[in-house]
Amino acid sequence: MGVDQRHDHGGRGHGNGGHRHDHEHRAVGRWARLGHGISGLVGGHSHDSADQIDDALEADAAGRRALLISLAGLGATAVGQAVVVALSGSVALLGDTLHNVADALTAVPLLIAFALARRPATTRFTYGFGRAEDLAGLAVLAMIMLSCALAAWASIDRLVHPEQVDRLGVVAAAAVVGFVGNEIVARYRIRVGHQIGSAALVADGLHARTDGFTSLAVLLGAAGAAAGWRWADPVVGLAITVAILGVLRSAARVVGARLMDAVDPDTVAEATDTLLHTAGVEAVRELRLRWIGHTLRAEADITVDADLTLTEAHDVAHAAEAHLLRHIRRLSAATIHTSPARHHPAVTTG
């Protein structure tokens, strides 16, 4: 008998009286179907995604911790640099300070997004609020653009109205402090961002890393000023502006890809291979993955034997879903659609 059904085990019941399943793999066959039926009768056989929920909560906590620590670190760095700017009048250091302030403030929309992501799904937002993280990524881009504009304006104004830069030694020391502070924050944000699958946090880390190198560029401005080149400081400020534009481009690519539901092709290949190694799966007709916040959700159309009963096809779908959740990192939910073999003209694998 041909079967065409959908099987969604994203931590919710799948339609038959709300009975739920755990994510332990069960082989397709008589004993699996017997256990499945008995468990359903007694109200067990839960599909609660306990491990995935725990991972999501840990990811949220790690993300918030990274943001708060980096906010404090960059805030302290920016305050120290601002004091030196007031004493020295260096616009190169001013541009770097403004960039550090903007980088620190990007933690605010991300913190709000992480808080929203913890809210449960509603009848209006049925996928939950994980996409708030992508919106926060847009806020990160806006702050980078603002810091770029401010740095450019200050540098051009200083070129038109040149002034003497004082306390060059202190300016140089502040630049070194800025580099060290930004590099520490950058490594932390990027590492945590990759760990929890947060594109916005990774983009923010890349932003901080480039801030560190632009801080070193301030040293060139101080050296030029020491040599008597009054134009050196504002020119370095303009160079920093160009560097910020480079960061903006890189961050826009990361955030834009996430908004367009881009995923790593290697992850798609791994998920396809996982499905094909599930007993009873003859082919993968279609597979889609998308990020919702920093967790993945999968939708797959698999081909099974046309002679399977409804229950047997259900078991294949269940086993495929369990394999995906076990082997694909950051996957929190999967919807499996089973199609009978030879009932569709074309077969694809991803």
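**Exercises around helix α9**

The cover over the buried residues of α9 includes β2 (283–292), β3 (295–304) and α10 (310–327). This is a predicted model, where local features need pLDDT of at least 70, side-chain atom pairs count only at pLDDT 80 or more, and totals for chains, interfaces and linings use all residues. Residues are numbered from 1 along each chain as its sequence is written, and side-chain values use heavy atoms, with hydrogens and water left out.

**Exercise 1.** Check the length of α9 (residues 265–276) and find out how its buried residues are arranged.

*Solution.* Start with length: at 1.5 Å times one less than the number of residues, the 12 residues of α9 should span 16 Å, and the end C-alpha atoms agree at 17 Å apart. Next, pick out the buried residues (under 20% relative accessible area, 1.4 Å probe, protein chains only): Thr267, Val268, Ala271, Thr272, Thr274 and Leu275. Now look down the axis: these residues fall within an arc of 160° (taken from the directions from the helix axis to the C-beta atoms), so they line one face of α9. Finally, turn the helix round: Pro265 and Asp266, both exposed (over 50%), sit on the face turned away from the buried side.

**Exercise 2.** Place Thr278 and list its contacts beyond four places in sequence.

*Solution.* First, Thr278 lies in the loop between α9 and β2. Then check exposure: Thr278 is buried, at 2% relative accessible area. Its contacts (heavy atoms within 4.5 Å), leaving aside neighbours within four places in sequence, are Val316, Ala319, Ala320 and His323. Last, Ala322 is 44 residues from Thr278 in sequence, yet their C-alpha atoms are 9.5 Å apart.

Key: Helix = DSSP H or I, 4+ residues; strand = E, 2+ residues; numbered from the N terminus.
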